[in-house]
Amino acid sequence: MHILPHIHAPSDLKSLSPKELSILATELRTEILQTVSKQGGHLASNLGVVELTIALLRVFTPPKDKLLFDVSHQSYAYKLLTGRANRFQTLRATDGLAGFQKRSESPCDAFGSGHAGNTISAALGLAAARDRIGSPDEQVVAIIGDASICNGIALEALNNVRETTRRLIIVLNDNRMSIDRPTGALSRTFSRMLLSARYNRWKRNIETLGLRGIKRLRMIWLREHYHMLESRIKSLFLHRRNTLFEEIGIRYLGPYDGHNIAQLERAFVTARDSDLPVLIHISTKKGKGYEPAESHPESWHSTSPFNIETGHGKPPPPNTVSWSKVFGDHLCLRAQSDSRLFAITAGMASGTGLSQFAQDYRQQFHDVGICEEHQMIFAAGLAAGGLRPIVAVYSTFLQRAIDGVIHDAALQHLGVVLALDRAGVVPGDGATHHGIFDIALLRPIPSLAIAQPRTPADLRTMLDLAIADATRPFAIRYPRGCTPKELPVDPPVQFGRAAEVSRTQTADRHSVAIWTLGPEDAYAYSLAGILLRHGIGSIHVDARFAKPVDATLLRKQADEGIQLFFTWEDAVRTGGFGSAVQEALANHPAHPHVVNFGWPDTFVQHASSRNDLLRRHNLTPEDAAAAILSALNHQNEN
């Protein structure tokens with residue numbers, strides 16, 4: 001008996017028996033596991049919310065009811081049950097389903113997401129709109145994780161719930177995990193609340209069974225909860241169960257077993273009929289149903305394609321190393337002799353390459369949880385106190401902390417190092433996660449420096465320069481993925497100076513200077529080859545710095561007769577590195593032509609590969625060559 005092929009809309013779930021619901025949960029996990037093993041994506045979080053999703057769709061009916069998943073990387077089962085099962089195999093692929101909720105993809109996706117903490121605010125907005133102009137029986141439900149609810153935005157929203165609406169449901173999915181283990185006082189409070197509920201159930205069982213059952217149940221309790229004494233649990237946790245939310249005007253229900261569909265349904269019906277905002281606290285197991293993900297959920301948060309039987313993914317190319325590891329290893333090396341170094345992550349130590357640093361230099365490391373704004377301002381405070389803070393953050397998440405960069409670090413000339421991982425496009429994740437806005441956001445900030453390494457050696461030297469500079473924020477951006485361990489030795493990195501990489505010679509002269517930022521040798525080599533076939537020589541320059549750009553070398557090349565400067569950056573073209581090159585050459589008497597290539601003034605969607613995105617946006621080396629040839633022809637005609 002197969003259930004999933006017969007589910008075309010949420011209404012199809014309402015007539016299923018408990019046995020059929022159990023079969024459906026198994027089928028959903030199988031479909032998610034098989035698809036992610038081929039396409040890559042977020043696995044552990046999606047396996048953990050299968051029963052929760054089923055229960056939600058048994059009680060609530062989108063698109064009439066609005067269901068918002070915080071981050072929404074856990075919405076795979078939701079997609080499968082809301083009319084997208086026949087396209088699920090296209091997940092994260094070019095022209096396929098997105099890996100997150102997306103308003104343009106389905107009317108059941110009430111609000112798009114990809115970053116943590118926005119869901120309660122958005123749900124409040126939808127609820128306020130409903131209260132003013134919507135249907136009175138429309139429900140708004142925000143599903144948020146125990147790590148995300150500690151985010152500053154979520155806390156601001158919680159503070160505003162009671163003054164905004166009397167009808168809102170918040171589902172707190174407590175799996176004791178974000179990407180890495182959650183940290184902070186609120187996370188510990190949620191754990192205490194869960195232990196309190198378990199203690200109550202254990203106590204009731206003892207009273208029911210009598211003295212004969214006490215010894216056995218006591219041993220079970222102690223084994224499950226690491227020998228925590230009954231009296232300590234009772235005194236610390238029992239009386240604190242409900243106060244956190246009810247004191248701010250939100251009714252608290254739970255905790256509930258997040259894998260018990262019937263129990264969840266009863267809780268959702270109670271919340272649906274409540275005349276107060278309700279928070280339903282549930283407990284789920286991240287990675288449920290796939291042993292490797294259950295045992296190591298942090299390793300299976302987001303994964304590349306893998307073999308289901310072995311759990312092994314495709315090995316990286318030989319003699320390569322990830323940019324994140326180059327960063328983390330060098331920071332460990334520096335920390336051996338510099339106790340001032342202090343590394344900070346926002347819930348992503350493993351993703352940013354800081355796991356080893358966190359283990360070896362515990363007193364010089366801090367995980368602030370998913371709170372990038374706090375991470376940035378905390379770093380500024382560390383710098384003001386005489387330490388050398390390293391803010392390790394994905395480029396896309398730095399967007400949330402720009403005010404802290406400007407107001408708290410740059411304005412006060414504080415030396416904060418910004419290590420921007422995943423800079424550039426990240427094709428599978430798409431528009432919410434592309435790290436392509438950082439240069440344009442940071443470049444206008446006075447005194448701030450922006451560098452991007454071409455090689456691992458460059459990254460290590462740039463880190464050294466950044467750590468040594470205590471007078472400014474210093475951003476170093478690098479992409480996701482791997483780089484060759486050994487590359488030709490470049491001239492040593494000097495602050496604000498570019499470096500020539502290669503030349504292609506013709507009988508005449510070099511007409512074009514190809515300026516790239518970061519590890520773009522393959523792109524530049526392909527472009528230079530096409531130009532050479534048209535009789536045009538070129539010089540490839542690694543810019544190294546988007547700010548300050550090497551204006552001295554640019555003017556020198558223009559003085560020597562370069563007719564056209566071409567720039568390519570894995571970032572938005574508007575206001576980026578290419579704009580800095582144009583500005584540097586604007587008043588040169590030779591008036592050289594500048595052709596800028598970068599991502600266009602639109603939101604770049606997800607795709608199977610970067611090459612697919614380059615082709616879609618006409619940014620391939622062939623497109624670059626055509627633009628250069630057209631500009632040169634136009635220049636010669638004039």
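## Salt bridges, sheets and backbone exceptions

A search of the whole structure, which is a predicted model, finds 31 salt bridges. Several of them serve as entry points here.

Start with Lys 64 and Asp 65. These two form a salt bridge, and their closest N and O atoms lie 3.0 Å apart. The partners differ in exposure. Lys 64 is partly exposed, at a relative accessible area of 39%. Asp 65 counts as buried, because its relative accessibility is 4% and the cut-off for buried is under 20%.

Next comes Glu 105 with Lys 79. Their side chains meet in a salt bridge at 2.6 Å, N to O. Lys 79 belongs to helix H4 (76-81), while Glu 105 sits in the loop between H4 and helix H5 (119-133), so the pair ties together parts that are 26 residues apart in sequence. Lys 79 has a relative accessibility of 0% and therefore counts as buried.

A third pair joins Asp 338 to Arg 334. Here the N to O distance is 3.7 Å. Asp 338 is another buried partner, with 8% relative accessibility.

Salt bridges can also link up into a network. One such network holds Arg 454, Asp 458, Asp 490, Asp 521, Asp 542 and Arg 544.

Now step back to the chain. The protein chain has 24 helices and 21 strands. It runs to 638 residues, of which 58% count as buried. Take the contacts with a separation of 6 or more: residues 24 or more positions apart account for 77% of them. The exposed surface of the protein chain is about 26900 Å², and carbon and sulfur atoms supply 53% of that area.

Turn to the strands. Strands of a sheet pair through backbone hydrogen bonds, and the sense is either parallel or antiparallel. Strand S5 (residues 251-257) pairs with strand S6 (residues 278-283) in the parallel sense, over 5 bridges. To find the register, look at Arg 251: it stands opposite Val 278 in S6. Helix H11 (residues 261-272) joins S5 and S6 in a right-handed β-α-β unit.

Further along is an open sheet of 7 strands. Its order is S10-S9-S11-S12-S14-S13-S19, and the pairing is mixed. Strand S10 (365-367) and S19 are the edge strands, each pairing on one side only. From one strand to the next, the twist averages 20°.

Within this sheet, strand S11 (residues 388-394) and strand S12 (residues 417-421) pair in the parallel sense over 5 bridges. Ile 390 stands opposite Val 417 in S12. Helix H15 (residues 372-384) packs on the sheet and touches strand S9 (341-345), S10, S11 and S12. The direction of H15 makes about 165° with that of S11. Helix H19 (residues 456-468) packs on the sheet too. H19 touches S9, S11, S12, strand S13 (449-451) and strand S14 (474-477). The direction of H19 makes about 165° with that of S14.

The backbone has some points worth a look. Most residues other than glycine have a negative phi, and most peptide bonds are trans. Where are the exceptions listed here?

Two concern peptide bonds. The bond from Pro 62 to Pro 63 is cis, with omega near 10°. Pro 63 lies in the loop between helix H3 (50-59) and strand S2 (66-69). The bond from Lys 547 to Pro 548 is also cis, with omega near -5°. Pro 548 occupies the loop between strand S19 (545-547) and helix H21 (551-559). S19 is the edge strand already met in the open sheet.

Two more concern phi. Asn 319 has a positive phi, near 60°, although Asn 319 is not a glycine. Asn 319 is found in the loop between strand S7 (302-303) and strand S8 (320-322). With a relative accessible area of 62%, Asn 319 is exposed. His 591 also has a positive phi, near 50°. His 591 lies in the loop between helix H22 (577-585) and strand S21 (593-599). His 591 is exposed as well, at 58% relative accessible area.

Note on methods
Residues are numbered from 1 along each chain as its sequence is written. This is a predicted model: local features need pLDDT of at least 70, side-chain atom pairs count only at pLDDT 80 or more; totals for chains, interfaces and linings use all residues. Side-chain values use heavy atoms; hydrogens and water are left out. A salt bridge is a side-chain nitrogen of Lys or Arg within 4 Å of a carboxyl oxygen of Asp or Glu. Buried means under 20% relative accessible area, exposed over 50%, partly exposed in between (1.4 Å probe, protein chains only). Helices (H or I, at least four residues) and strands (E, at least two) are DSSP runs, numbered from the N terminus. Two strands pair if DSSP finds at least two bridges between them. A crossover is right-handed if, with the strands pointing away from the viewer, the path from the first strand over the helix to the second runs clockwise. Axes are lines fitted to C-alpha atoms, for helices over the stretch in contact, and angles run from 0 to 180 degrees between N-to-C directions. Contact means heavy atoms within 4.5 Å. Accessible areas come from the Shrake-Rupley method with a 1.4 Å probe; for residues, only the protein chains shown count as cover.
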